[in-house]
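Got the viewer open and a selection box ready? Let's walk through this one stop by stop.

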Amino acid sequence: MPRPIARVLMLLELLQSGGLRTVAELAARLEVDERTVRRYADHLLDLDVPVESVRGRHGGYRLAPGYRMPPLMLSDDEALAVLLGLIAGRRAGLMTATGSASETAAAKIRRVLPQRLGHRLDAVLDSLAFTGPPSAPAAPETAVLLPVADAVRHHRPVSIRYTAADGRHSERTLHPYGLVAHSGRWYVTGVDPALGEDRTFRLDRIAGARTLPGTFDPPAGFDPAERLLSAMASAPYRHEVTVRVEGTAEHVRARLPAAVAIVEEPASEGGPDAETGHWSRVEMRVDRLDWVPAALASLDRPFVIERPEELRALVTRFAARLAESARRRGPHEAT
């Protein structure tokens, strides 16, 4: 590559690192005079790269937002980071419904990688193993994700066309407070102003989103992720479980995640002893009870079952099986 072209590309890479670069700084980095720097900037403008000139004592050049993405200059580490991010995002379900976009973006980067870096990347991918299967695809449409995100950022109402889990269709207005990615799915949390109730919607079930006039004030200290997990834990299921556990809420939450259980720790009347003076109230809504005894045993704390009554028998049988297994000896052990 002729050296002037190489220096023009180097100028582009310097500008893409962000911020305003003075002409003197660019001249020093490119090892040319300031007049040549200006000529190189003109070359980039001829290529429709949005280079912006800032006049004045502390002026120089910077990249301005353009109508299309200019050529990207990535270092080895940056190219590897982008490709690994695309792979991880695809496995985690953090993509839009145009799932091929991540594949075509990765292919474009791979195509222009130097051969030595391509071999190094192949070595990483060939030796990389994941501990869990890829998330089931439940990605939102780009035409839904972008307007909803914009409405969240600028506190604007949004009209959505939604399909519920039972297939019912509806159109409603939402004051969106935040977007949450959880277990390979995208959610938006907010309030339905017509009902005055907090609501949570899956973005992949939204067929269309349209920003409405006006603004709203989100509540102070609202945590969208916490709201989503709380909504999941309190969703209607076949069984409602209520248990009191002798232990702090922090201890219980470390073993029962927020998406599974709602944990409350009433003011203790027995003193400040965190080990024996605190009782926490645990509520769970579950479709099956068979896994609950093992979850309660994992707390390693005394507990009292309030409901349902059939859970008592399941815990009793579970404890009996554990005791029987503890008494067993292997075929080669002495009796």
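Select S53 and Y61 to begin: S53 sits opposite Y61, a residue of β3. Now widen the selection to β2 (residues 51-54) and β3 (residues 60-63), and you'll see an antiparallel pair held by 4 bridges. The two strands make a hairpin with 5 residues between them. Click on G56 in that turn and check its backbone: phi is positive, about 110°. Keep in mind that you're looking at a predicted model.

Stay in this part of the chain for two more positive phi values, this time without glycine. D48 is in the loop between α3 and β2, and its phi is near 65°. With a relative accessibility of 41%, D48 is partly exposed. Next, go to E31, in the loop that links α2 (23-30) to α3 (34-46). Its phi is also positive, about 60°. Is E31 buried or exposed? Exposed, with a relative accessible area of 65%.

Zoom out for a moment. The whole protein has 11 helices and 12 strands, and 33% of its 335 residues are buried. Take the contacts between residues at least 6 apart in sequence: 61% of them join residues at least 24 apart.

Now jump to strand β11, residues 279-286, where 6 of the 8 residues are buried. Show β9 (residues 239-246) as well: β9 and β11 run antiparallel, with 8 bridges between them. One pair to pick out there is E246 with its bridge partner W279. Add β10 (residues 261-264), which is also antiparallel to β11 and is joined to it by 4 bridges. Here V263 faces V282 of β11.

Keep V282 selected and expand to its contacts. Beyond its neighbours within four places in sequence, V282 touches V241, T242, V243, V245, V252, L256, A261, I262 and V263. What is the largest nonpolar core built from? It has 19 residues, and L256, V282 and M284 have the most contacts inside it. Colour β9, α9 (249-253), β10, β11, α10 (292-298) and α11 (310-327) to see the elements that each give two or more residues to this core. Apart from it there is another core, of 17 residues, with L14, L26, L30 and L44 among them.

While α11 is coloured, look at the loop between β12 (303-307) and α11, where you'll find P308. The peptide bond joining R307 and P308 is cis, with omega about -5°.

Next stop: D192, in strand β6 (residues 185-192). Which side chain of opposite charge is nearest to this buried residue? R199, at 4.4 Å, and D192 has no salt bridge. The D192 side chain does reach the backbone nitrogen of A194, at 3.0 Å. If you expand around D192 and skip anything within four places in sequence, you get R172, T173, L174, E197 and R199.

Finish on L179, in strand β5 (residues 169-182). L179 is partly exposed, at 30% relative accessible area. Draw a distance from its C-alpha to that of T189: the two residues are 10 apart along the chain, and the separation is 6.5 Å. Leaving out residues up to four places away in sequence, L179 is in contact with L145, V148, A149, Y187, V188 and L203.

How values were computed: Residues numbered from 1 in each chain as written. Predicted model: local features only at pLDDT ≥ 70, side-chain atom pairs only at ≥ 80, totals over all residues. Heavy atoms only, no water. Buried < 20%, exposed > 50% of the residue type's maximum accessible area, 1.4 Å probe, protein only. Pairing = 2+ DSSP bridges. Core = buried A, V, L, I, M, F, W, Y, C linked by side-chain atoms within 4.5 Å. Contact = heavy atoms within 4.5 Å. Lys, Arg positive; Asp, Glu negative; His and termini not counted. Salt bridge = Lys/Arg side-chain N within 4 Å of Asp/Glu carboxyl O. Polar contact = N/O pair within 3.5 Å; in protein donor to acceptor, adjacent residues only side chain to side chain.
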